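Let's look at how two parts of one protein chain sit against each other. Have the structure open while you read.

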Amino acid sequence: MSNVTGIGVSVKRKEDKRFLMGRGNYTDDIARPGMTHGYILRSPHAHAKINAIDTTEAEKAPGVVAIFTGKDMAADGVGSVPCGWLITQKDGSPMNEPAHPPLVVDRVRHVGDQVALIVAESLAQAKDAAELIEIDYEEMPATVGVASAATGPLVHDEVAGNLCYDWEIGDAAAVAEAFSKAHHITKIDVTNNRLIPNAMEPRAYIGEFDKGTGEYTLYTTSQNPHVIRLLMGAFVLNIPEHKLRVVAPDVGGGFGSKIFHYAEEAIVTWAAPKVGRPIKWTAERSESFMSDAHGRDHVSHAELALAEDGTFLGFKVETTANMGAYLSTFATSVPTYLYATLLAGVYKTPAIHCNVKSYFTNTVPVDAYRGAGRPEATYLIERIVDKAAREMGLDRVEIRRKNFIPIDAFPYQTPVALQYDSGNYFATLDRAEDMADVAGFPARKAEAAKRGKLRGLGYSTYVEACGIAPSAVVGSLGARAGLFESAVVRVHPTGGVTIFTGSHSHGQGHETTFAQLVSETLGIPLENVEISHGDTNKVPFGMGTYGSRSLAVGGEALMKAMNKVVEKARKIAAHVLETAVEDVDFKDGVFTVAGTDKAMPFAQVALTAYVPHNFPHDQLEPGLEEQAFYDPMNFTYPGGCHICEVEVDPDTGVTQVVGMTAVDDVGNVVNPMIVHGQIHGGLAQGIGQALLEECVYDESGQIVTGSYMDYAMPRADAFPSFKVDNCVTECTHNSLGVKGCGEVGAIGSPPSVINAVLDALLDVGVTDISMPATPAKVWAAIQGAKTAQAAE
Amino acid sequence: MPTVSMTVNGKQVSGEVDARKLLVEFLRENLLLTGTHVGCDTSQCGACVVHVDGRSVKSCTMLAVMADGASVTTIEGMASGETMHPMQEAFREQHGLQCGFCTPGMVMSAVDLVAVNPDPSEAEIRHWLGGNICRCTGYHNIVEAVRDGAARMRALGKAAAE
């Protein structure tokens, strides 16, 4: 059985049929009895004082049930939307953490800031009424770009210089020493472009209050319902957990953007008892653009010190990061512990120092988006490595090999806090070069040249840290929560099993992958396993899904709980088979007694557990259900090599990705089909960042890219078919040997694309290009290089 | 309020609707056919694609009253009982979906592609799907699924003809 549905098999997904037949249950599909519709009136200004809000006419509009403003919430003592990670600045003081009211009271700080909630019988009526609300805005100058944030108008009056924190990591003295001995120093300035996550399902919430029981229910498009229950219940609305149920049903993609506790969740939950009916709010896509947390938005200067032979001696980095107008749940951790701790990359650079300054701006809050900090680190490293090789006349692959952390150096302690447990960067590079047919590249380049096209090849060799996260480690770094995971294994009397996991699937296929773990471990058919997730009234506790943690943390919790089940079942079998527990073996779903023909299948043990007519009650309790919590010892460290091949049309600047190869070491693989699917999706988001996507604000703080007409979402014709494979080094500190695969595609790929573009443009004299490398930008760079050459 | 009547998934339906009600809202709210999704407000994403009189249409670009008298098929109408349409089956076989949100629109669009082009090339599939956005799959397996679905539909058509 295990060879058909167990670990390592590309089992087709259990969840697919309901999605394919239109039977999914997304939040916006839910209609509660008596439900009303909420519309959130948002700020049209990036920065303004609100002198007055007049809702008189709107309240009289047809169908309106109630209208609420920030004053109503403030009068009710509603708290600030909290940030989950406290950064301690380099001078030892805590970061600046201004209040984030769910509905603003007298000042808006970004386009899209929440000003009022209109509740009506229909959404159309709520929107009609919103048009009748009179708001006296007094516009204020805005701080928009992060590069000028330090000197811009104050986003929060109490935060001087708009500085959230000034933080550092690494050994500045050791880096200075390394630079003093350098044969060559390569310098680079890069911008990691601001992105909008764009899960295809817009955020949606239903707030509900049961007058009879006093229980609140929030249906939410969340990646982590228990975290929302904790943050919203304890910090914003003061509702105890036993009176607050949070349900995240089918969720249509997240990519990080649905981790965070959003103001609208608190708004509809708070307002539900006031109107006495459920309230549904669903974001329109244009609202998503101005209210979902954005991603990336770093500006960095880096310098790499090298010895004459290309050995890396030291690396120093200065980064400014955009927090947006308020601190989103994990915002502060992204440019610090998820970024600067990765600056060693796959290299044995002995001295590293990084200074990060994060600023408030009058833009949408910025937080984790697929990869979160690690793509920014990878992009910086892999760009400067290519640049250094070019400047020194060294081969870009050889300089990587020369500086790779050797295979025998694991566990490897980096100079920036992390200890990589395992990896083999040579193996993934070799395999990727083979799959990408690097040897055949010169011929392809020559053939392209005949067609007037510039062909380029780009590399990225990367490592990331995921399986977030060891509670002790993150706690010492400022996380205000532990990041363990829990699982409950409930064996039913007739042998079926329900798993309650704190992980949450919003496309990752847990219902299949986790069922495979159960099938393999307990030796039961896949169809006898049900995975339950996303409901705080069903799952005892959970920390949710982000940071590629579901299998490496949630899966381990499940394994731990199953081990407890097997141990108890072994006792039951021993009792029934009248033998010592030590003599009972369990294999392929059957308990056997060594040296005898006595056997008892798992399902029979399950039934016995629930009809325990003669259990020795002082030694054996009835029932077969176990819970386990798993807290990892360390992060996990997937790594690999991405090779991109592009063709640039010099006449138009259009770049076409003609080859994308990814060889990733994500540890052991439970379902190769699902893992490759995750990598495909990550690659698409990485290529999207490199060539297409950018959130653009104008100087006044208006979002220029506020719809799919303006924001370049990758379409099917943006990509070739991908070549994907895995090499395996096992994670050394979890039982499955797994590392996580959700983010690797988005982390590794962007620099491979840009390095390929620059490789293609080398012959025409272009040496730098920023993301996204749009046709206009590429064309202008080519023209600029031509002009410069003509002038020489 | 105007009254509309149409055939949806083979059943005659009618209802009073606000004149500004979109077809997708009529399907989701009045008929509770929530398999058709809304992913944007500019008719770009394609999550709401249904068939109107046999051709794929973004049901967010059409008022409910414009579909008066039409025959509409949604994702719920594609299977025969519990047996999925060959294109649905191909999406499952090829792992052409992850979160499932864009999937109904993708399937409806793909079936229309095969109706006009029974054996589409990879480039033709990628071009055709320009009006359907997926954020999860990178389109790789969707392309595989459409190709596989087209082959299954051709085989079925051939079998029916014989």
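How much area do domain 1 of chain B and domain 2 of chain B bury between them? About 1,200 Å², with 59% of it on carbon and sulfur atoms. Keep in mind that this is a predicted model.

So who are the two partners? In chain B, domain 1 runs over 3–77, and domain 2 covers 86–161. Taken over C-alpha atoms, their centres are 21 Å apart. Domain 1 of chain B brings 18 residues to the contact, while domain 2 of chain B brings 16 residues.

| Domain of chain B | Range | Residues in the contact |
|---|---|---|
| Domain 1 | 3–77 | 18 residues |
| Domain 2 | 86–161 | 16 residues |

Now zoom in on the domain 1 side. Three residues stand out here: B:His37, B:His51 and B:Ile75 supply 39% of the area that domain 1 of chain B buries against domain 2 of chain B, more than any other three residues.

What about polar links? Eight residue pairs are in polar contact across the interface of the two domains of chain B, both residues being at pLDDT 80 or more. On the domain 1 side, the elements giving two or more residues to the touching surface are strand 3 (49–52) and strand 4 (55–58) of chain B. That side of domain 1 divides into six nonpolar, 10 polar and two charged residues.

How many salt bridges are counted between domain 1 of chain B and domain 2 of chain B? Just one salt bridge. You can find a salt bridge where B:Arg55 pairs with B:Asp112, with the closest N and O atoms 2.9 Å apart.

Methods
Residues are numbered from 1 along each chain as its sequence is written. Chains are lettered from A and ligands numbered from 1 in the order in which they are written. This is a predicted model: local features need pLDDT of at least 70, side-chain atom pairs count only at pLDDT 80 or more; totals for chains, interfaces and linings use all residues. Side-chain values use heavy atoms; hydrogens and water are left out. Domain bounds come from an automatic or database domain assignment. Contact means heavy atoms within 4.5 Å. Buried area is the accessible area (1.4 Å probe) that two parts lose on being put together, summed over both. A salt bridge is a side-chain nitrogen of Lys or Arg within 4 Å of a carboxyl oxygen of Asp or Glu. A polar contact is a pair of N or O atoms within 3.5 Å; within protein, one must be able to donate a hydrogen and the other to accept it, and residues adjacent in sequence count only if both atoms are side-chain atoms. Helices (H or I, at least four residues) and strands (E, at least two) are DSSP runs, numbered from the N terminus. Ala, Val, Leu, Ile, Met, Phe, Trp, Tyr, Cys and Pro count as nonpolar, Asp, Glu, Lys and Arg as charged, and the others, Gly among them, as polar.
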